[in-house]
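Please open the model in your viewer and keep the sequence panel beside it, since this tour moves from one selection to the next.

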Amino acid sequence: MNIASYQDLLDFTCIVLGKISRSRTKIDAVAPSMRSGMIPAFIIAERLNVPIMLDGRGYGGSRVALDKTKIKNVLVVEDSINTGGALKKELSKYSDYNVFSCAIIAKSENFKDLDFYGKKIEQPRIFEWNMFNCTNSNKIMFDMDGVICQDPTVFDNDGVEYMNDIEQLSPLYLPGYKIHSIVTNRLEKWREVTEKWLIKHNVKYRELVMQQFSTAEERRRKSNTGTYKGNKFRDSNAALFIESSLVQAETISLVSKKPVFSIEQNKFLGKI
């Protein structure tokens, strides 16, 4: 699995800016392909000091003078290109202009169809900016508390108070597609309440893995959470683990020898 971070997106966008400069192409406005193309498009527009176009309308902002009569060359920007269908649809919206196509990330078979691209990355691939909402989520293993939902506010003492708390936790980062699995430190005894919460919030997954101890005290005494998750990740065909805790993420990465994303620090650990 090829993984790209937000830092990669910025680096590859800067490569595109360099290519635009060397080509001496005059860009009068930048149009993002909605919605992932918005991030690099706004970066390019800011660096070139030109307005943004959205569905044919121009937005200059307080620092950019907007005169639509002077807009002739429009750069349409997509974050990545796979089949090219989404970019072609966006290009058609600007048929009244001289249009240039741009994808920050391309594949070997389609980069030649672009006027500008930043980096070639082949499928399968996962991007930090849409990893909670992409078809390749089926290769991602998720932590539960602190990722899919808020962390519990009640200490796990095997009591009703804890059960009531996890039953009513607010969602945090809900995946939009079916994910590989959820590996949680919660005990097996809380499976029913956990599954009901996941159904309520329309979280789809292949497997829910829970700790197999009788009590929370036994789990704390006998189990290292990071090692437990790391072993499950290592023995699976998942390509990425998303973990809330930096300390646990470091252990998971060390044990599994696979990439882990820490929500706490917003960064990848391990080779990506």
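## Salt bridges along helices

Select Arg221 to begin: with a relative accessibility of 53%, Arg221 counts as exposed, where exposed stands for over 50% relative accessible area, buried for under 20%, and partly exposed for what lies in between, using a 1.4 Å probe and protein chains only. The model is a predicted one, in which local features need pLDDT of at least 70 and side-chain atom pairs count only at pLDDT 80 or more, while totals for chains, interfaces and linings use all residues. Residues are numbered from 1 along each chain as its sequence is written, and side-chain values use heavy atoms, with hydrogens and water left out.

Add Glu217 to the selection, and the side chains of Arg221 and Glu217 are seen to meet in a salt bridge at 3.1 Å, N to O; the term stands for a side-chain nitrogen of Lys or Arg within 4 Å of a carboxyl oxygen of Asp or Glu. Glu217 is partly exposed, at 42% relative accessible area. Because Arg221 and Glu217 are four residues apart in helix H6 (residues 216–222), about one helical turn separates them; helices (H or I, at least four residues) and strands (E, at least two) are DSSP runs, numbered from the N terminus.

Move next to helix H5 (residues 191–200), where Lys196 and Glu192 are four residues apart and so are separated by about one helical turn. Their side chains meet in a salt bridge of 3.3 Å, N to O. Lys196 counts as exposed at 53% relative accessibility, and Glu192 counts as exposed at 53%.

## Charges in buried positions

How many salt bridges does the rule give? The count comes to 14. For one of them, select Asp145 and Arg186, whose side chains meet at 2.6 Å, N to O. This pair links distant parts of the chain, with Asp145 in the loop between S9 and H4, Arg186 in strand S10 (residues 181–187), and the two positions 41 residues apart. Both Asp145 and Arg186 are buried.

Keep Arg186 in view and select Asp165, which is found in helix H4 (residues 160–167). Asp165 is buried yet has no salt bridge, and Arg186, the nearest side chain of opposite charge, is 7.7 Å away; here Lys and Arg count as positive and Asp and Glu as negative, with His and the chain ends not counted. The side chain of Asp165 does reach the backbone nitrogen of Val154, at 3.2 Å.

Then select Asp143, Lys229 and Glu243, which are linked in a network of salt bridges.

## Aromatic rings

Turn now to the rings of Phe, Tyr and Trp (its six-membered ring), which pair if their centres lie within 6.5 Å, with planes under 30 degrees apart counted as stacked, over 60 as edge-to-face and the rest as tilted. The count by this rule is eight aromatic pairs. Among them, Phe127 and Trp129 are stacked, at 4.7 Å centre to centre and with 10° between the planes. Both Phe127 and Trp129 are buried. Another selection, Phe132 and Phe142, shows an edge-to-face pair, 5.7 Å centre to centre with 70° between the planes. This pair links distant parts of the chain: Phe132 lies in the loop between strand S8 (125–127) and strand S9 (140–142), Phe142 in strand S9, 10 residues apart. Phe132 and Phe142 are both buried.

Finally, add Tyr6 to Phe127 and Trp129, since ring pairs link these residues into a cluster.

Notes: Polar contact = N/O pair within 3.5 Å; in protein donor to acceptor, adjacent residues only side chain to side chain.
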